[in-house]
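User: I am new to reading protein models. Please go through this one with me and explain each label as it comes up.

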Amino acid sequence: MSSLVKEDLEKKLFKPLSQNLCEFIEIEFSVQDRYYLCVSVTKNEEVKIIMVKHYRIGLDEKYEVTKKWSLNDLKKIDGKEADTDNPFFDLHFKKVYRLEAYSCASKYAFARTINKLNHAYLKKDLQIVNFDSTYINDDSVWSSSNKDCLVLMRICFYAFNLLCLSLCPLPL
């Protein structure tokens, strides 16, 4: 499903703007409409963060840019709590935007993409706080190009370890 949405976003919104869509996540922003937080790169190699409203008119899918920021203006991404599985995060520009991702995995996918594009294009000191750095940094043992599977793999690893420990007999 998400690959179809990505193709549609690229075709109807980003290609006409001469931008390459790198990542998008669904965010909970309004009860009536669907919103996406997108990260794209322009021809001039500027990284943009764009909030897009998705709606339908009849059978036709429409996308409208509601907010647009430059990665250069982003000061901090606050994941709220690194130790809990929650989809909430803040984007700190001149104003703080409190957002809720569709899932914790998509929140991490967004932060990984921002981190990767920052290192590739800006190399600025961007604060990414209250995220588990193991899932954010590409240089970790657990990094993967498969994005969201990374979180699931780590959870399975911990669950397996807990299971093994719970089955071990205690010495008397």
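User: What surface does the chain expose, and how do you know which atoms supply it?

Analyst: The chain exposes about 10600 Å². Carbon and sulfur atoms supply 54% of that area. Areas come from the Shrake-Rupley method with a 1.4 Å probe, and for residues only the protein chains shown count as cover. Bear in mind that this is a predicted model, where local features need pLDDT of at least 70, side-chain atom pairs count only at pLDDT 80 or more, and totals for chains, interfaces and linings use all residues. Residues are numbered from 1 along each chain as its sequence is written, and side-chain values use heavy atoms, with hydrogens and water left out.

User: How many helices and strands are there, and what makes a stretch count as one?

Analyst: The chain has four helices and eight strands. Both are DSSP runs, numbered from the N terminus: a helix is H or I over at least four residues, a strand is E over at least two. Along the sequence the order is α-β-β-β-β-β-β-β-α-β-α-α. The C-alpha trace spans about 70 × 40 × 30 Å along its principal axes.

User: Where does UniProt place a domain?

Analyst: An unreviewed UniProt entry puts "domain: Exocyst complex component Sec3 PIP2-binding N-terminal" at residues 30-121. UniProt positions use the numbering here, feature names are shortened, and annotations may be inferred rather than shown by experiment. In the model, that span is 20% helix and 48% strand. Its end C-alpha atoms lie 32 Å apart.

User: Why is G79 called buried?

Analyst: Buried means under 20% relative accessible area, exposed means over 50%, and partly exposed is in between (1.4 Å probe, protein chains only). G79 has a relative accessible area of 0%, so G79 is buried. G79 sits in the loop between β5 (76-78) and β6. Contact means heavy atoms within 4.5 Å. Not counting residues up to four places away in sequence, G79 touches N86, F88, F89, K107, V129, N130 and F131.

User: And why is Y108 buried or exposed?

Analyst: Y108 has 4% relative accessibility, so Y108 counts as buried. Y108 belongs to helix α2. Beyond its neighbours within four places in sequence, Y108 is in contact with A82, F131, D132, Y135 and I136.

User: What makes a set of residues a nonpolar core?

Analyst: The members must be buried Ala, Val, Leu, Ile, Met, Phe, Trp, Tyr or Cys residues, joined through side-chain atoms within 4.5 Å. The largest such core here has 31 residues. L37, I49, L74, F89, L91, F110 and I114 touch the most other members. At least two core residues come from each of β1 (19-27), β2 (34-42), β3 (47-57), β6 (88-92), β7 (96-100), α2 (104-122) and α3 (133-136). α2 gives the largest share, six residues. Take F110: setting aside its neighbours within four places in sequence, F110 contacts I25, L37, V39, I49, F89 and L91. A second, separate core of eleven residues includes F24, I50, V52 and Y63. In soluble globular proteins, nonpolar side chains tend to be buried together.

User: What makes the phi of K80 worth pointing out?

Analyst: Most residues other than glycine have a negative phi. K80 is not a glycine, yet its phi is positive, about 75°. K80 is in the loop between β5 and β6. Its relative accessible area is 33%, so K80 is partly exposed.

User: Where is K123, and why is K123 called exposed?

Analyst: K123 lies in the loop between α2 and β8 (127-129). Its relative accessibility is 61%, so K123 counts as exposed. K123 also has a positive phi, near 55°.

User: Which charges count as positive and negative, and where do their mean positions lie?

Analyst: Lys and Arg count as positive, Asp and Glu as negative; His and the chain ends are not counted. Each charge is placed at NZ of Lys, CZ of Arg, CG of Asp or CD of Glu. The chain has 25 positive and 24 negative charges, and their mean positions are 5 Å apart.

User: Which residues does E10 contact?

Analyst: E10 is in helix α1 (residues 2-14). Leaving out neighbours within four places in sequence, E10 contacts K15, P16, N20 and L21. E10 and S133 are 123 residues apart in sequence, and their C-alpha atoms are 30 Å apart.
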